[in-house]
Each structure stands twice: as C-alpha cells, then as structure tokens.
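Here's a quick tour of a two-chain model, written for someone who likes to check things by eye. Keep the viewer open as you read.

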Amino acid sequence: MKPNTDKRPLDYDVMVVGAGVAGMETAASMGDMGYRVLLVDKNASIGGRAILLSKVFPTLDCASCIVTPKMASVSHHPNVQLMTYSEVDGIVRNADGSFAVDLHKKASYVDFDACTGCGKCEEVCTVTVADEYNYDLVTRRIAHIAFPQAVPKKAVINRRGEAPCTFTCPANVKASGYVSLVRAGRYKEAFNLHLENAPLVGSLARACYAPCESDCTRGEKEGTVHIRGIKRFMADRYYAEHPEPEYGPVENQLATRAAVVGSGPAGLSAAFYLARQGHQVTIFESEQEAGGMLRTAIPPYRLPKDVVDRDIKNVTTLGVKIKTGHRITSLPDLKQQGFNAVLISTGASDENGLEVEGNDLDGVMGCMQFLHEVNVGEMPDVKNKTVMVIGGGNSAMDPARAAIRMGAGKVIINYRRGRKEMPAHDWEIEGAVEEGVELMLMSAPTRFIGKDGKLVAVECISMELGAPDESGRRRPVPIKGSEKVIPVDMAILAIGLLPSTAHFPAAMKNGKGLLSADPQTRQTADPDVFACGDCVTAPTMIINAIAQGRRAAFYMDRHLKNESLNVPFDGVLEKTDKNVVLEEAERFVERQPVPQPVLPLAERRSSFACYEKVMTEVEVRQEAQRCMNCGECSQCMECVSACAPKCIDFSQKPTPLSINVGTVVMSTGFKILDPATKELLGYGRYPDVVSGPQMDRLLAPTRPYNAVLRPSDGKEPENIAIILCVGSRDHTVCNPLCCRIGCMYSIKHAQLAMGALPMADITIYTIDVRAFGKGYNEFYEQAKAMGIQFVKGKVARIEQLANGNMALHYEDMLGEGGKQTREHDLVVLTVGFLPNTDAFSLYKGDALAADDFGYVREIDPVSEPTRTNVDGLFAAGTTIGVMDIPDTVLHSGAAAAQAAAYLERTRGGQ
Amino acid sequence: MTDKRRIGVYVCHCGGNISDHVNVKEVAATLLGEAEVEVTRTHLFACSDASQQEMIDEIKEKKLDGLVIASCSPKLHTFTFRAMAERAGLNPYQYVHVNLREQCSWVHTGDKPGATFKGINIVRAGVAKCALTHPLTPLRIETQPRVLVVGAGVAGMRAALSLAGMGLSVFIIERESEPGGWAAQVGRMGPDNQHGPEVVARLLEQIRRNDNIILYTNAELTAKSGHIGDFNATIRLCGQEDVSLNVGAIIVTTGFTPYEPRDGEYGWGMPGVVTLMQFRQMLEAANAADGPLTYNGVPVRDVGFIYCVGSRQEKSEACPEPNAHCSRFCCMATAFTGSLLHEVEKKSGQTINQYHLFRDVRTYGRLETVYTNARADGALFLRWDPKEPPRVEQHDGRLAINVKDTLLGDGELEIGVDLVVLATGMTPRKNDSLNDVLKIPKSKDGFYNEIHIKLRPVETAIDGVCIAGTAQGPKNLSESVASSLAAVARTGALLKKGYVNLEPLVAKIDTTKCVWCDECLKVCPYGAIERVRCGDKEVAMVIESTCKGEGACVPICAQDAIVIEGFRDDQILAMIDASLKELVTA
C-alpha cells in the first residue's frame, strides 16, 4: 500500500483501532474535544474484554455498569462513527502527516440496517460452536448476537468458507446444511433445503456417487460422514410422510414457454427450476416413461423405480408437462410450436461397440441395452448361464451385479488393466465380488465365438502394462500367444457411452459428437437453444447432470426474461481449509462412523430389493453429529425463514474502504496466554481446572449456568484454589513480565465466590500479592478479613484424584514449610497475558517499534506517554503492556490529548 | 398541570443483580395498574443499547411525558438515561431514577417477597415524584479558554505544555521557588533510566519558550470564585502581591508528601538511617565523583533497605492514623536503587552487600524487569512479616537489622549494616490552605478523590477542577504524566467547545418569603448565595452557576423560602405518601 502524495481532505480527524475500554475512552475523549472520530473494531460488538468481566476491582461495580456507559457514549456520540465487524488492512503515513487507511467491513451476512437484534436467527440456527464470549465454557450458535449487552445489538453469521462437501458437490447441494438440519431433527426442512439445489432427492440418496463424502474432513480422521446415508433417511422419511409434494404451481405464472428435450436428471432439474420461475415448461421424452438413465440404466437394487416416480412428481407438480414417447427430431419445429427457448438434455446412452470378430452374434449386447431390458423391458434370461461383462467402470458393475440377481450361473468382469486401474468405485467392485462376481483382470476379448449365430465362448488374451498413454495411465499391451477360450453365454459390453445427439445437426456438435454450449451459461450458438448434461459433457454422474440442469435453467430464465446473461451463477465461497478445521478438531471427541446397514448377502444375490438399508433415526442423528461444521455456517437457511425483517443475505461480500485520517490511535489490546502451555497444571485435561477469564464468566451476572458450578458435573464447588502467576513471571513460557492485574482480579474472584458460595473455602496461591493501586491494598486486607486464605507457594503440579477432585502439589513457604499436597474441587488458573501483535502488521510504513516483550513501544513513557516511533500514530491502553481499567482509562485520556496535540500541530490551520 | 400524566416505568433485571432478589415482573405488573402509569416493562439490562432503543421507541409511540427507571444507583446511569430521554424527545428532567439495586435488592438478599414489596413501594414513590416534574432547561455558560495548573512538577508542566499545544492559555503556579517537584531531586529513575533533573530541565525550557504559558513560582492559590468555565483565581506571589486570574478550568497537580517516619521507627533518628531519597542523593554524589560510596567518610560495605515504611500500615498505639494504602512506586524505586548501587560498586571496585527487606515485591507489569535486574545485580531479598517487623539497633557504632526472614523458617537474622535505607511511601500533600480554597473531596486514604476511578478518573466533585498525578494517589512518573494528559483531554473537551451546560437542579428562593437572615449564606459550602435588593427589602439570591443543588440552605431557612428544583417539598411529600400508601392502608 502506498501513501497519498496529494494533500487531501480528511475523512476523519482520527481513527481509533480497537473498541475496548481504551479505544472507547480515546474515541469519546476525542469526540468531546470536537474531533471527528472513526472507531473500528473487528468484533461484532464494541466493549472489548472488559464487558465480559463479572465485576471490577476494587469497588466491585458490575462490569456492565462500568462499560455500558462507555459503549453507549461512543455509540451515540455525534462525533464518533462506529465501524464494527470491520478490519483494518493497512495504514501508511502520508507526506503531510495524515494517514492513508485501507479497511473493510467484513461480510456479516446480515443487513445491519434492517436487523432488530431480536435473536430469532440464533434460536433456529442448527450449528453450535464454542462461545468465545464465555471463554469456551459453553457453546453458542453460528448465527448469533455477541452477548446480551452488545453494541450494536446486531446478529452476525460466521462463515469460514464453503464446507468441502458443499463446495465439491457439482450442484453445490448444501450437504452441511441438511446434515445439520437432520442433526436437529428437522427432516422436512432438510428435504426442502435440498430442493433448492437438486430436485431429485430420492434418486440421489440411493444412486449418487457422493463426491461430498470423498471430500469430507472427517474422512481425514475416523472416516467420512455418510452424507448420502443421511440423505437417504431424510428422503425416505419425507416421501413416506408426503406421498405428494406440499406445493403446487408457483403463483406468478408467466406466458413464456420452454421446451426441454430429454427427461433425464439434467432435463428434469432444468424444468423444475424454470417452472419455479413461472415459465410454462414441456419436457419431450422419446422413451415411454420419464427419468432417462435413472429409469432405464440404474438397476432397481440401487434405485427402485417408485422413488424415481416420486422424484419426478417434485417436478410435475409445478405444472411441468412431460410428453413421453415423443422423439424430437427438429428444433425449428419446436420454435414453430411457440416455445421461446429450448433446452437439449438428451444424455449419452448410445454405446461404443467393440470392433472384434463376432460382435454381431446373438448374446453380445451393450450394457445400456441389457440394463434397459432389465429395467423397463423384458428381463433377459440368464438363469444358470455364464455372463461376461467387458469393462471396468461403474457401468460394468450394474449389469454384472444385476446378472447375479437374475440367477446367472457365473458372472465374469473382464478388464484389460489391473484391479487398481479399474475406474469403478471401490465399494462397487467390492460389493460385486462379495456377491459372487469374478474378476478377470489384465485380459481383453479378441473374438466372440458363436455357434448357430449364438454366442458360446469368448476368446481372450492376457495383457501387460506398457508405457503410459496420454491420460497418464499405463497402456495395456497384449501378450502374444496367451489367448484362451472361455465358454460364455452372454457378453455385455460396458466400454463407454456416446452422446445421444444423432438427431441434431452437425453444426451444433464437436468432433466427438458432443453439443457445443457455453460452459458458463450453457447457451448454444442459437441464443434460444441451450444444452446441458451428458450430451454436452460426455457421460458423468447424475449430480453433474443435475448441476448443469440448474445452471442452464438459471440462464434460460434470464434469457426468457430478456435479462443479461453476464451475471455470475452461484455465490459459492472459497473452500474451507481443512487444516484449520482439523487443528480445531484436536479438541473434538473421536466419533467413529455408523456402519451403513446392507441386506444380507443371500438376499442381495436373489432379489432386486434395495441392497442398502436405511439407517434408523438414532443412527442417522448420531452420524450427523460427526459433521465438523467445516464452513461454520452450514447454510441450513433456517435463519432466513425465521428472520421477520428479512435481513439475512448470504450474497453479502466484504465492503472495502480507503480513507484519509489525521492521526491514528492503536488500542488493539492484549491476548490471553493459553493456560494449557503450563502442562503440569492440567488445563484442558481436567475440566475443573479453569482459567481466570473463565472464572470471571462463571461469576458474571450473565453467567453461562446462572450459578457458580464446576464444569465437570455441575456441583457447587466447596473448596476452590486460585493459582496466581500462571504463565507470568515465568521464563519457561518466555513471559518474564508480571501480568499486573492477576493478583487483583483473583482477589475479586475470591470475594465474589465467597458471596456466591458462602460455605466454600477459598485459597489463593501466590508469589507476591501485588495490590498496588488506589484502594487495592485495602481490598486485599478486606479479602484476608473475609477468611480467604493466602498461601505463599508456587503450585508445581496438579493431578486429578479418583473422586474427581484435584490434588495440588506445592511448596509451602510460610506455613509448615516443605512439600505439601492439598485437595480442591475447583482450580482457577490466573493466567498471564501476551501482546496482541496485530498493530505491527497493520502499519505498512517503516516498522512500528516493539519493546522487548512484543508490545508496542512507547518511545518516551515519562514525558510522552502513548507516543510510538511513528509520528502521529499513538498506542493506548494495554497495547503497550497490560494494565488495569483505571490505568487504561488514564492512558487513553493521554492518547487523546497526544492525538489532539498532533492534529493541532499538523493541521492547526484547518 | 391538570391533565393526567403518561408515565413509563421500566424495571431493570440488572442481569440478575436485581431480579435474583426482587421479582421485577411483579413490580412492573403492580405499577401498571396505578394512575398516571401508561406502560411498564422489564429489561435484562436497561442500560444496554438495545433496551434504550426500545424505550425510546415506546416513549415516542405512546407519547410518554414522564419516565421512571428502576435500576442501579443513579450515580452510574443518570446521565445515560437523561441522554436517552433527550433522544426520545422527552425533557431529561422529567425522568426519575429509582435505585432498586443498592437500595433494595443488594440489601435484602434472601427475602424476595420483602424485597419485592419494598421495590414496589420505592418505584411507586418514584412515580409520584415523576408526576410532579416539569421540563427544566440546563444553564448554558460560556467558557474561558484559559487554564490554571496548580503545581509545577513534571505532571503539571507536561499538562501545561499539552494544553498550550491545544491552543489554550495556561497559568502554572508553583509554591516552591523552583519548579520540577520531586523528579528534579531524584537523579536517574526506574524503569526507563531517565534522569529526573534532565526531564525537568527539558520541560522547563519548552515552557519558557511557549508564549501561551505563564509560570509563577513562589506562588500560592489563595482564593477561588466563580464556576466551571469561568473561575477567578487569586494567586499570592512571594507571600505578598496578589494576582487575579480568570480561567475556564483548573488542573491540580500538587503531588505528594513523602512519609516522615516517627522517631525510632526502623531506627529513624539514628545516624546511618536515611530515607530512600536521601540515599539516592548520596549515590548521585558518589557517582558524580566516580568515587566509592561513603558515609561519614567511611566506605559503605553493607546497606539494608526496608520496604513499606509508612505504607500498608495497620492501626496500633504507635500508629493511630495508619496509611493503609500501598505507595505503589517504592518497590520499583528501591529495587532500581539496588541496581544503581551495584553500578557504583562496579565503578569504585568496592564490595557492597545489599539486603532488601520486603513484604511483597510489587514490581507490577513490566517493572518486574527492575526486580529481576536487582537480583542479578546482587541484591538479596528477605521477606518479613508485619507482625514481626525488622528492628534496627546500634551495636558498637554500627547498625544492625534484626529480622525474621519468613522464607528461611524460624531463624532470626542479624544483619550488620552501615546504612539503613527506609523506602518511605507517599502520603497526601499537606496543604490545608489550598484544600480550603479548592474544597476537593478526599478519599479514605487522604488523597484527592476523583468522581469515579474508572468512569471519570480525573474529574472531581467540583466541576471544572481536575486532579492528576500523585495528588490523586501514588503513581510513578510515567503514570503521573499519563493522568495529567488525561486531565488535559477532559479540560480540552470542556474548553474547546466554548460553552458548558450546567444542572438546573439548583436552589430557588421565594423572595416574598425571604427576610434575609443570612443563615443560608452561612451554610452554603459553595458560596452560591448573594444578598441583593429586591424592591424595598434585602433578600438572598442564588448564583445558579455556582449552586450545586446540595440543599443545606433548605432546612436552615426559617421562612421556608427555599426549594431545590428536582427535590421540591411537594415532590418529597408525594414520595412519602406513595411509598407508605400500602403500609398505611394495610
């Protein structure tokens, strides 16, 4: 980022970064002096850490009583502009002494102007995460208002990125969304959410190859979440309860007419989304029944036909007409019939032949032909016969496994490469082998041998793998002289499918016979004609065809409404970095996959019944619990339906802003040291070892359990230990500094705990008790008088006893002396603090100077407090080192005076 | 006003602080039935922004003309809700605050029905008072763009420079003949190793060059009149000549008085027993001469430092008025002195053993490094218990400290030393005449008291008068300067605007009843009463800008001629009637 060289007017006199106590105080002070202030905070609410406190020492005022007036005063100050949920990207100093600033308002997915802070979105949100405002003691929702006193009181929705499952799905079906809805028991909502991206829910639940599952983050741990199994439960439950769709044609019907050629998944999906926009849609299907490959190719043990029928109802209910047995041979005819636009989605069911001797024999057929007969024609008789399927892809598995179910004596899959190279899914191959299919690998047919025009045997030759071909796979090469003859009654060729585009003019097609369409809009050279699905892409998965159908419908709709097609399709975020999720998941409990129940082998071998059984409700909820909420928000859309003012907007983007300010005050605060760093003290291992900030939450009026309870079992603690200087004055964690506030906030904890739990014993383990401020020593004396025990001795180690309590090992320096052990039922670790180093990365000029401990350095703390090495950039409050609230308030007042003096000096005349 | 009032009553849970002990829903429900109450509601935090917005919407929508908020102490949120009322288009003085927390829930824990009953009655009293409110307008006062800084130590000088930098004129007065305060006498200071006299000289030079600052030494503030924004201060120069200054605000940076040990306290009075300040001057001298540290011409071999002298005291026969406070700076300053002593040791080649006798080493925050350095520099730290403080004795012309080191178990040590250095604490500045003029309230420890340590830490009960530095409480130098700059920011906010609004809740005199007996004049602590002629008689008049509405004049007036706006007799009587209504009828 570059400084501004021209002298330009200031957007604000001062920008204050960070709206904790220091930032608010500085901003209010500057505002009171008449300067125009921009107060920026990256969090959803101002208030910093202080608003989360229980009470404050030494007066025991409520933290709310101290901080809310400051929050109110800045939020209503006529001279202070708040920018919450916003981050500064960079600051540079201009030649005239002002500062150029780049910043952006983060996407909150909530329109703040419309949000009333009612909290309905929070109530319905299906994803929970550790609540940082309660220091992870409890959970909060992803759609949330930071805390009850938040300013502004607006909801925000956290989205880390697109969940890998949703991102990977070609149709971006919100897998994370329906999984979280199922987890919440909202099955109907889950189903309806699915309709937004793909209408053929039942078919997908059974026959989708589920790319979502291959990209599931849980797969990096115990095994992928069985997303399709969850969908199966949700679809089955919904269809059982709703034999008919709950909706009819949309209200706003348009006069525009669209024709869809082909009723496969692509055509059906396109028709669905077009009809939802109100267009009059007719599908033309050459077969006698609609469904395309769903009906004709996938055998019923994978996809029962009543499910296809019910899926199609989702489409026809909208008013979509399907004309079956109607092959379209001329596009101009359709236009003449009054269709304003046409979508071609004829699929790819034509087959590659095998150019070897005898391929015309009776008994040699294509896999599509075979499956067509199995599905909708007359079942071929293969009883006790030997069937050879040639090919190693998924399309070879279907006929092979169907043949087993039809009573074939022997089924052989003949594939020219090895097992590893087989393109079919592993689980398909395993299932086939389990059911009795034999694999004949590294082998290719050289001749079909017939007798009386009927196939009786296949001559095969063994292969070996040679040099890699252009696809990178090693090319199989025949081994001369290795031919052998195998008796076979039926040979099924599953060696590739061709687009079904024979009826369309050559000008529309490329060399491979595929239709040419714009990859973004699916529009062909004729603007009124669109094309999508396998006839454009060559054979692929059902979900791909559906994805294209929805995409084509989106642009066709715009075309039909005479709107520009130059718009993006879906607002999909970047894919979430799995490593980030996995890192967080270190804390997650292990969750083993729930196994997918299948039919017993004998039943599978003898019937076309669906071989996968549906999971029970308990199983499916348990499986849904395994989802790691990779994207944070699952996009279940419950908040969208619940929000009365309609202020949730998932298309929101970060809003960047470049401004010029006269001076900058950094009040970016501090960080809390992770108490787990002191491993021997057991934080993270023992639930009843909590950190000081957590204790503050336990004692706060807005406390999580509405009582002081120990986290493990909800018991009221009776004997509390508070250990001072955890990670402070401690070279082992490279933090030699005293934390400055630990002694006092711990004495406050002790006094408050004594009030809340009058029967509890409280012991504070100290090195020194540093009660140095106004009224502090008196507060310490008061604690002693209340009966709070002070033990001088550093606790070396904590271990949990069989009764759940903790044993503290320490050296008693004043009492008995020597090594002692004492039992407590709640232990509070008064943790140290670390600098927040954000300030350094925000300033893009010559480096902002740090002190020896990583805080922003005051160049002359004695006579120029808050001044940094960058002239005009000041640091207020704990940015220069942790301090208590009174000191912070004074220091911030000083920052305001310094910033004001700088403004007078650099811009006095203005 | 004959029309029925339309009052809104809002009862706060205070997140459980109130609602745990008072059934706030019941309070709200009961009040809803009362005459003149239009609406009642409860809020989890009435002060939160969202709650305020809801109240504002309702005030506007229901056209309320009175507002009662029952929550915490009015000390915390009166201004919050006045500002809210204003945003809602309601006169802020038609809002009445009921203290349902400090005066009810917190004092009646464990008796929810009783606390609820009382709560209902005190809120009812608030409603009765509210019904008798009428709109008031604050007094607007023009402010003078000049500031008086009292005390020219580092804090005061730094404040003066900063004020001048903001375009204000500054008068800075110093009682002593030389400005600079304690810093000018102390040499190098921890933790930043800055040289006090150099810091003072630098600031003084800047002040002399600044046309907007006038420095008076040998000057004392002897009288002050006027009010915020427009004070007249009388300065006596060299004890004889008076100068009158007209200023808009005053910043008091009068510093501290070091604790003076009692005779015999830790050997005080014995030769070789010195204060830390005296010791530092000895060190400076040795350092300047590049020679060894000597006492009475003899090189010093052993030095004992005793911490907490005059701080953290407990009441005893010997010490009837103890300083209970911690003096904050002395642990760091003494430990830092240990390192300075080590420097002299290194330079002179003489071996000096140093013993630091402490209670708790309060080198907070980054000052910890000073303590760490002192230990590395050879300082030995021994911890003593206030029950058995160290005893200083003289043996054969040498000093001995007898101390029980609590970290070594029971054994008592006798440490032979050449010097005993007493780390004396800070005590409030002894300056009764100034206190009489300024009338700034003091806190328990005797230092000047701020209004609220976290909310308004440099302002005092006297509007327009800020305190900073060690006048407010012990601080080290950088903390003093930070607080003085905070006072500058407050003062700047006051004076740069050019005007200030004052409370209209002041005394009013019924001149028909007044007979000028001068009793009110005598009791008024603010000098807000003037004698004026009114027709054919003399009556008392209230200087509204000076009156604090404090009320001493009201009961003293035999003629019942005085009322305080906001606390009028009819209001108070109505409150009593309302709060007793249920008790009397029951």
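A residue is called buried here if 20 or more other C-beta atoms lie within 10 Å of its own, exposed if there are 12 or fewer, and partly exposed in between, with the C-beta atoms placed from the backbone. A:Pro701 falls in the buried class because 21 other C-beta atoms lie within 10 Å. Before going further, some housekeeping: this is a predicted model, where local features need pLDDT of at least 70, side-chain atom pairs count only at pLDDT 80 or more, and totals for chains, interfaces and linings use all residues. Residues are numbered from 1 along each chain as its sequence is written, while chains are lettered from A and ligands numbered from 1 in the order in which they are written.

**Two buried loop residues in chain A**

Back to A:Pro701, which sits in the loop between helix H23 (692-699) and strand E31 (719-726) of chain A. Helices (H or I, at least four residues) and strands (E, at least two) are DSSP runs, numbered from the N terminus. What does A:Pro701 touch, leaving out residues up to four places away in sequence? Its contacts (C-beta atoms, placed from the backbone, within 7 Å) are A:Cys62 and A:Ser64, plus B:Cys14, B:Gly15, B:Gly16 and B:Asn17 from chain B. The C-alpha atoms of A:Pro701 and A:Ala63 are separated by 9.3 Å, though their positions lie 638 residues apart along the chain.

A:Met628 is another loop residue, found between helix H21 (617-624) and helix H22 (638-642) of chain A. A:Met628 counts as buried because it has 22 C-beta neighbours inside 10 Å. Its C-alpha atom is separated by 11 Å from that of A:Pro164, 464 residues apart along the chain.

**A helix pair in chain A**

Now find helix H15 (residues 394-405) and helix H16 (residues 426-435) of chain A, whose axes come within 10 Å and cross at roughly 20°. Those axes are lines fitted to C-alpha atoms, for helices over the stretch in contact, and angles run from 0 to 180 degrees between N-to-C directions. That crossing angle makes H15(A) roughly parallel to H16(A); the label covers angles under 35 degrees, with over 145 counting as roughly antiparallel, 65 to 115 as roughly perpendicular and the rest as oblique. H15(A) contributes A:Asn394, A:Met397, A:Ala400, A:Arg401 and A:Ile404 to the contact, and H16(A) contributes A:Glu428, A:Ile429, A:Gly431, A:Ala432 and A:Glu435. By class, the contact has five nonpolar, two polar and three charged residues. For the classes, Ala, Val, Leu, Ile, Met, Phe, Trp, Tyr, Cys and Pro count as nonpolar, Asp, Glu, Lys and Arg as charged, and the others, Gly among them, as polar.

**Where the chains meet**

Which helix of chain B gives the largest share of the side that touches chain A? That would be H13(B), with 14 residues. Overall, 64 residues of chain B are in contact with 66 residues of chain A. Helices of chain B that each supply at least two residues include H2 (49-61), H3 (74-87) and H13 (477-496). Chain B's side of this interface splits into 28 nonpolar, 22 polar and 14 charged residues.

**Chain B and its sheets**

Chain B has 16 helices and 32 strands, and its C-alpha trace spans about 90 × 60 × 45 Å along its principal axes. Of its 586 residues, 50% count as buried. Among contacts in chain B with a separation of 6 or more, 70% join residues 24 or more positions apart.

Two open sheets of chain B, both with parallel pairing, are set out below; strands pair if DSSP finds at least two bridges between them.

| Strand order (chain B) | Edge strands | Average turn between neighbours |
|---|---|---|
| E2-E1-E3-E4 | E2 (37-43), E4 (95-99) | 15° |
| E16-E25-E19-E20-E21 | E16 (273-275), E21 (379-383) | 25° |

In the four-stranded sheet, strand E1 (residues 7-12) pairs with E2(B) over six bridges, and B:Tyr10 has B:Arg41 as its bridge partner in E2(B). H3(B) lies across E3 (66-71) and E4 of chain B, at about 155° to E4(B). Helix H5 (residues 112-131) of chain B lies across E1, E2, E3 and E4, running at about 155° to E3(B).

In the five-stranded sheet, strand E19 (residues 302-309) and strand E20 (residues 353-358) of chain B pair over five bridges. There, B:Asp302 has B:Asn353 as its bridge partner in E20(B).

Note on methods. Two residues are in contact if their C-beta atoms, placed from the backbone, lie within 7 Å.
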